[in-house]
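Please find below some comments on the model, set out as numbered points. They begin with the strands of one chain and then turn to the other chain.

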Amino acid sequence: MKVVGIMSGRAARLAATATFIGFLAAGCATPPPASDQAAIAAFNETNDPYEPFNRAMLQFNLALDKAILKPVAYVYKETVPDPLQTNVTNFLANLRGPVIFANDLLQGEFERAGNTLMRFTMNSTFGILGINDLAGEIGMQEHTEDFGQTLATWDVDDGPYLVLPIFGPSNPRDGIGILADSLMDPFTWLTPFEFRIGRAVGTAVDRRARHYDQINDLEKNSLDFYAAIRSLYRQRRADEIRNGAPASGSPVPGGLSVMPQKPDGQQSKALSSEK
Amino acid sequence: MTGSPLRAALGALFFLVVAYAAPVQASTPADFVKQMGDKAFASLSEPGLTSDERAERFRILLNEAFDLPRIARFALGRYWRTSSEEEQKEFVALFEKFVIQAYANRFQDLSGQKLNVIDAREISAAQALVLSEIEIPGKPPVKINWRVQSKDDEHKIVDVMVEGISMSVTQRDEFAAVIRQNGGKVDGLIKALRRKTGSD
């Protein structure tokens with residue numbers, strides 16, 4: 001679904017970047033000299049004009065992680081029984097239901113909206129406030145959506161890469177998405193301050209614990225942790241925006257990147273179907 | 001036993017044809033991924049393997065299943081053309097070491113896991129995308145897509161995408177960043193790879 005006219009990509013991008021530009025100006029990377037075409041192309045492709053600022057912000061986030069989040073997540077992961085951890089994950093995921101539902105609707109994905117609504121209703125009641133994913137067990141799989149993805153389906157550009165304090169890898173579009181999601185979330189308005197803090201802390205610990213080994217792996221095995229995270233974040237978001245459909249138009253080893261970019265991979269012919 | 005040269009010749013021809021066809025070749029990219037996956041799971045998750053043994057098995061499987069030199073070339077991106085032949089050669093060798101070091105031990109604990117091939121799609125005349133899932137007990141399945149390059153009945157994997165994240169693209173982006181940090185010199189990346197893989 002496209003809602004051109006409500007918010008054009010350009011206007012949104014301008015508005016988004018304007019918000020950040022003030023405090024970012026100090027951390028700008030110097031573009032390569034105009035004579036070096038290859039270097040200019042690389043600079044533009046990376047789309048990370050605030051790289052020095054972003055690298056500093058990553059260091060800040062990592063320091064915070066090492067001092068607080070990582071040790072807490074480790075203790076949580078090692079001491080809390082697995083079934084209970086699953087309950088926590090389910091409970092927090094269920095709380096995101098209304099926001100996912102709203103974004104499904106905003107994207108015109110009515111079938112997915114129906115799935116989200118059913119899941120939320122079932123899990124909140126029979127699943128005891130969402131601690132059990134009963135809907136998932138009977139085949140109604142969870143999917144996530146957020147306003148950053150909704151903006152993407154409206155053809156709003158992501159803007160330059162940004163590492164936000166505490167929130168981590170992002171961009172102006174996803175930054176606005178985080179804000180919009182929290183404003184449209186009924187639990188933001190219906191629950192006391194203590195609950196909201198607990199939810200935020202719980203979400204951070206739960207997520208950090210679930211990705212504990214992957215993050216260790218990446219840190220150990222990457223030559224440039226910052227660049228690896230930047231690449232992973234962008235590819236992951238692109239995948240989420242395509243709702244997991246394979247991207248056949250991406251560049252391939254061997255240079256066969258002549259396929260037209262289609263987000264849903266419709267141009268691919270099915271060779272076999274063993275489903 | 002007859003001494004007919006014709007029969008001997010026919011026999012030899014028959015032998016040649018059978019011997020040529022003998023290596024187990026998967027007929028479709030999807031079969032190829034399934035077979036390689038099963039083989040890798042069985043071979044790498046064998047209990048009692050030392051980490052060196054696992055790395056060696058991984059190296060053999062990696063070269064059998066993947067077109068590693070081609071992936072290495074892709075990962076170097078625009079800098080492949082600007083590097084010398086020696087640099088290219090050393091880079092490809094270091095890339096193999098780097099991949100083994102990064103991935104071999106991830107196959108340590110595969111208990112109860114299973115690779116299911118779901119679908120295959122044609123991308124171009126020579127390439128197919130094989131869609132699969134890894135089943136992990138008690139967790140949501142992990143979506144893994146394989147880009148397979150085929151020539152006749154010979155298949156090689158040229159990229160793996162885990163939950164939409166391409167290994168080749170990630171490596172290329174990361175290597176490009178290392179090269180840029182070293183003033184656009186491939187030499188800087190090669191030195192970093194040497195350090196990382198203990199090949200100094």
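1. In this predicted model, a convenient starting point is Val130(B), which stands opposite Trp146(B) in β3(B). The pairing around these residues is antiparallel: strand β2 of chain B, residues 127–135, is joined by 8 bridges to strand β3 of chain B, residues 142–151.

2. The connection between β2(B) and β3(B) is a hairpin, with 6 residues between the two strands. Within this turn, Gly138(B) has a positive phi of about 75 degrees.

3. Strand β3(B) also pairs with strand β4 of chain B, residues 154–162; the two run antiparallel and 8 bridges join them. One residue pair to inspect here is Arg147(B), whose bridge partner in β4(B) is Asp159(B).

4. A hairpin is likewise formed by β3(B) and β4(B), with 2 residues between them. The turn includes Asp152(B), for which phi is positive at about 50 degrees.

5. Chain A contains 13 helices and 3 strands. It comprises 275 residues, of which 27% count as buried. Among the contacts in chain A with a separation of 6 or more, 59% are accounted for by residues 24 or more positions apart.

6. Helix α3 of chain A, spanning residues 51–79, merits a separate comment: it bends by about 55 degrees at Asp65(A). Which residues of α3(A) are buried? They are Glu51(A), Phe53(A), Asn54(A), Met57(A) and Ala73(A).

Notes
Residues are numbered from 1 along each chain as its sequence is written. Chains are lettered from A and ligands numbered from 1 in the order in which they are written. This is a predicted model: local features need pLDDT of at least 70, side-chain atom pairs count only at pLDDT 80 or more; totals for chains, interfaces and linings use all residues. Two strands pair if DSSP finds at least two bridges between them. Helices (H or I, at least four residues) and strands (E, at least two) are DSSP runs, numbered from the N terminus. A residue is buried if 20 or more other C-beta atoms lie within 10 Å of its own, exposed if 12 or fewer, and partly exposed in between; C-beta atoms are placed from the backbone. Two residues are in contact if their C-beta atoms, placed from the backbone, lie within 7 Å. The bend at a residue is the angle between axes fitted to the seven residues ending there and the seven starting there.
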